[in-house]
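Hello,

Here is the structure I promised to pass on to you. Please have a look at it first, and then read my notes below.

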Amino acid sequence: MDIRQLRALVALAEQGNYRQAANRLCITQPALSKQIQALETQLGARLFERGRQGAQLTASGQRLYPEARALVEQHVQFQQRARRVVQGEAGRLALGFGLSSFDLAPRLVAAFRRRFPEVAVGLEDLPSERQYQMLLQGELQVGFVRLPVNGPLRGVALLSDRLVLAAPAALGLRANAVMAQFNQLPLLQLTPKRGRGLSDQSLRFIAAHRLAPNVVQQAGDIQTLLALVAAGIGVALLPQSVTHIVPAGIDMLPLSGEETEWQVGIAWDPQRPDALRDNFVQAALAARQG
């Protein structure tokens, strides 16, 4: 039994005439008769009574017709869905993002879903280092990560981020005095395990400017780090992109010089064919150019 036989059953039941049913299916009458006969043989029962009035369903045919019609409709829906999936217009897309793309990633996802509403997007906050691993393992399709990336991953820059110093407003620290006073300030740091990229960037900045920081405490996430700064415990080197989540009572002071800026973009594994991922990448690049 195959879908062609079920389509033949449905068409003949609805048309009640072999010629009309064959025309509807774009096949010959003998071919239609052969499909009906094959189905009846497989079931061991007659499904149609043939007479001057055309073809009429038997009792068995009447009972099977609704189920056959439902299966045919499901088959059509599956074909349509399958084409959209293969063309990258439907399915699930797993994305990773981090601190520097906290604002960018959701905006691009929202724009993408307006264009492809049948795509379900999973968005997970992950360090860039973890995203690299998951991209290579096929657990993520696209990652918003710190660039550059190592092969075989491919990355394209979408924005720049830079270091700033988050300081308690009550400290009254001025931007032009940061470097001169840096070594005397109590420094709060993000643990390397949670933010390897930010941790390494901070260390490169400190080394490039020959600073000797007074590290007083580490925190496991950005929110805790900001809370400690707001409480007056110390200062912290953070990406400028977190400014929109900074609570009251914190000054974000710009830094200049070497090792203060880096590129953020999207990364993916081109060795894994994926039409849905490619559609997202193209949409992200188009948004950058726009």
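**Domains**

The C-alpha centres of domain 1 and domain 3 are 71 Å apart. Please keep in mind that this is a predicted model. The chain divides into three parts: domain 1 covers 3-87, domain 2 takes in 92-158 + 263-288, and domain 3 runs over 161-262. Domain 2 is thus written as two segments, 92-158 and 263-288.

One pair of residues may help you find your way around. Phe 78 and Pro 192 are separated by 114 residues in sequence, and their C-alpha atoms lie 47 Å apart in space. Phe 78 belongs to helix 4. With a relative accessible area of 56%, Phe 78 is exposed, because the cut-off for that class is over 50%.

**A buried glutamate**

I would start with Glu 40, which sits in helix 3 (residues 29-43). Is this glutamate buried or exposed? Its relative accessible area is 9%, and anything under 20% counts as buried, so Glu 40 is buried.

What does the side chain of Glu 40 meet there? One of its polar atoms lies 2.8 Å from the backbone nitrogen of Leu 47. Once neighbours within four places in sequence are set aside, Glu 40 is in contact with Ala 45, Arg 46, Leu 47, Phe 48 and Arg 50. Leu 47 therefore appears both in that list of contacts and as the owner of the backbone nitrogen at 2.8 Å.

**A nonpolar patch**

On the surface, Met 1, Leu 43 and Leu 64 make up a nonpolar patch, and together they have about 270 Å² of accessible area. Leu 64 is placed in helix 4 (residues 59-86). Its relative accessible area of 33% makes Leu 64 partly exposed.

**Salt bridges**

How many salt bridges does the structure hold? There are 14 salt bridges, and I have picked out a few for you. Side chains of opposite charge can pair when their charged atoms come close.

- Arg 4 is bridged to Asp 2, with 3.2 Å between the closest N and O atoms. Asp 2 is partly exposed, at a relative accessible area of 29%.
- Arg 69 and Glu 73 join their side chains in a salt bridge of 3.3 Å, N to O. The two residues are 4 places apart in helix 4, so about one helical turn separates them. Arg 69 is partly exposed, with 39% relative accessible area, and Glu 73 is partly exposed with a value of 39%.
- Asp 103 pairs with Arg 107, the closest N and O atoms being 3.2 Å apart. Asp 103 has a relative accessible area of 43% and is partly exposed; Arg 107, at 49%, also counts as partly exposed.

Some bridges share partners, and in this way Glu 14, Arg 24, Arg 69 and Glu 73 are joined into one network.

**Backbone details**

Most residues other than glycine have a negative phi, and most peptide bonds are trans. With that in mind, here are some places worth a look.

Where are the cis bonds that I noted? One is the peptide bond from Leu 147 to Pro 148, which is cis with omega near 5°. Another is the bond from Gly 151 to Pro 152, also cis with omega near 5°. Pro 148 is placed in the loop between strand 5 (142-146) and strand 6 (154-168), and Pro 152 is found in the loop between strand 5 and strand 6 too.

Positive phi values turn up at Arg 210 and Glu 259. For Arg 210, phi is near 55°, which is positive in a residue other than glycine. Arg 210 lies in the loop between helix 8 (196-208) and strand 8 (214-219), and with a relative accessible area of 78% it is exposed.

Glu 259 is not a glycine either, yet its phi is positive at about 60°. This glutamate is found in the loop between strand 10 (250-254) and strand 11 (261-268). Glu 259 is partly exposed, with a relative accessible area of 32%.

Best wishes

Technical notes. Residues are numbered from 1 along each chain as its sequence is written. This is a predicted model: local features need pLDDT of at least 70, side-chain atom pairs count only at pLDDT 80 or more; totals for chains, interfaces and linings use all residues. Side-chain values use heavy atoms; hydrogens and water are left out. Domain bounds come from an automatic or database domain assignment. Buried means under 20% relative accessible area, exposed over 50%, partly exposed in between (1.4 Å probe, protein chains only). A polar contact is a pair of N or O atoms within 3.5 Å; within protein, one must be able to donate a hydrogen and the other to accept it, and residues adjacent in sequence count only if both atoms are side-chain atoms. Contact means heavy atoms within 4.5 Å. Patches are made of residues with over 30% relative accessible area and no salt bridge: like charges are joined within 9 Å, nonpolar side chains (Val, Leu, Ile, Met, Phe, Trp, Tyr) within 5 Å. Accessible areas come from the Shrake-Rupley method with a 1.4 Å probe; for residues, only the protein chains shown count as cover. A salt bridge is a side-chain nitrogen of Lys or Arg within 4 Å of a carboxyl oxygen of Asp or Glu.
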